[in-house]
Amino acid sequence: MILFKKTCDICKTIETIKSFKTTQEFFAILEELKRLSASDNFEYAGGNTPADTIKNWPQDGLWYRIKCKNCGAIYTLWYDTFKDKGYFKKGK
């Protein structure tokens with residue numbers, strides 16, 4: 001039996017994105033997640049985003065995760081640089 005924890009009041013403010021297709025969208029969402037991870041409610045939970053360039057990717061996928069400090073929910077931002085598509089969702 002799998003039990004799913006309900007979203008806490010803090011996580012209810014997070015809007016996930018099913019699909020996007022540009023690096024500009026990825027970096028716009030990334031900046032918002034960095035702002036959230038600097039707050040008291042969320043923390044950085046991993047990632048591999050390039051710091052200084054968008055021309056030389058470290059690999060075909062860029063990702064960044066934050067974790068809710070209240071309920072432990074993880075949110076993942078993913079972008080496939082080869083296929084030019086990405087998402088922002090709850091979970092890994």
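I took two strands as paired where DSSP finds at least two bridges between them. The model is predicted, and I read everything below from it.

**Entry 1: strand E4 and its neighbours**

I began with E3 and E4. They form a hairpin with 5 residues between them. In that turn I found Gly72 with a positive phi of about 85°. E3 covers residues 61–68, and it pairs with E4 in the antiparallel sense over 7 bridges. I looked up one bridge by name: Ile66 has Tyr75 as its partner in E4.

Next I went to the other side of the pairing list for E4. Strand E5, residues 85–90, runs antiparallel to E4, and 6 bridges join them. Trp78 stands opposite Tyr87 in E5. E4 and E5 also form a hairpin, with 4 residues between them. Asp84 sits in this turn and has a positive phi of about 55°.

Is E4 mostly covered or mostly open? I found it mostly covered: 5 of its 7 residues, in the run 74–80, are buried.

**Entry 2: the nonpolar core**

I then checked the largest nonpolar core, which has 20 residues. Which members touch the most others? They are Cys11, Leu33, Phe42, Tyr75 and Leu77. Helix H1 (23–37), E3 and E4 are the elements that give two or more residues to this core. H1 gives the most, with 5 residues.

I followed Phe42 further. Leaving out residues up to four places away in sequence, I noted its contacts; among them are Ile10, Cys11, Ile14, Leu36, Ile66 and Tyr75. Ser37, Lys67, Cys68 and Lys69 are also on the Phe42 list.

**Entry 3: aromatic pairs**

I counted 5 aromatic pairs. For Phe26 and Tyr79 the ring centres are 5.9 Å apart and the planes are at 45°, so I logged the pair as tilted. Phe26 is in helix H1 and Tyr79 is in strand E4, 53 residues apart, so the pair links distant parts of the chain. Both Phe26 and Tyr79 are buried.

Tyr44 and Tyr64 make another tilted pair, at 5.1 Å centre to centre with 55° between the planes. Tyr44 lies in strand E2 (residues 42–47) and Tyr64 in E3, so this pair ties together parts 20 residues apart in sequence.

How exposed is each ring's residue? Tyr44 has a relative accessible area of 46%, so I entered it as partly exposed. Tyr64 has 6%, so I entered it as buried; the cut-off for buried is under 20%.

Last, I noted one aromatic cluster, formed by Phe20, Phe26, Phe27 and Tyr79.

Notes:
Residues are numbered from 1 along each chain as its sequence is written. This is a predicted model: local features need pLDDT of at least 70, side-chain atom pairs count only at pLDDT 80 or more; totals for chains, interfaces and linings use all residues. Side-chain values use heavy atoms; hydrogens and water are left out. Buried means under 20% relative accessible area, exposed over 50%, partly exposed in between (1.4 Å probe, protein chains only). A nonpolar core is a set of buried Ala, Val, Leu, Ile, Met, Phe, Trp, Tyr and Cys residues joined through side-chain atoms within 4.5 Å. Contact means heavy atoms within 4.5 Å. Rings of Phe, Tyr and Trp (its six-membered ring) pair if their centres lie within 6.5 Å; planes under 30 degrees apart count as stacked, over 60 as edge-to-face and the rest as tilted.
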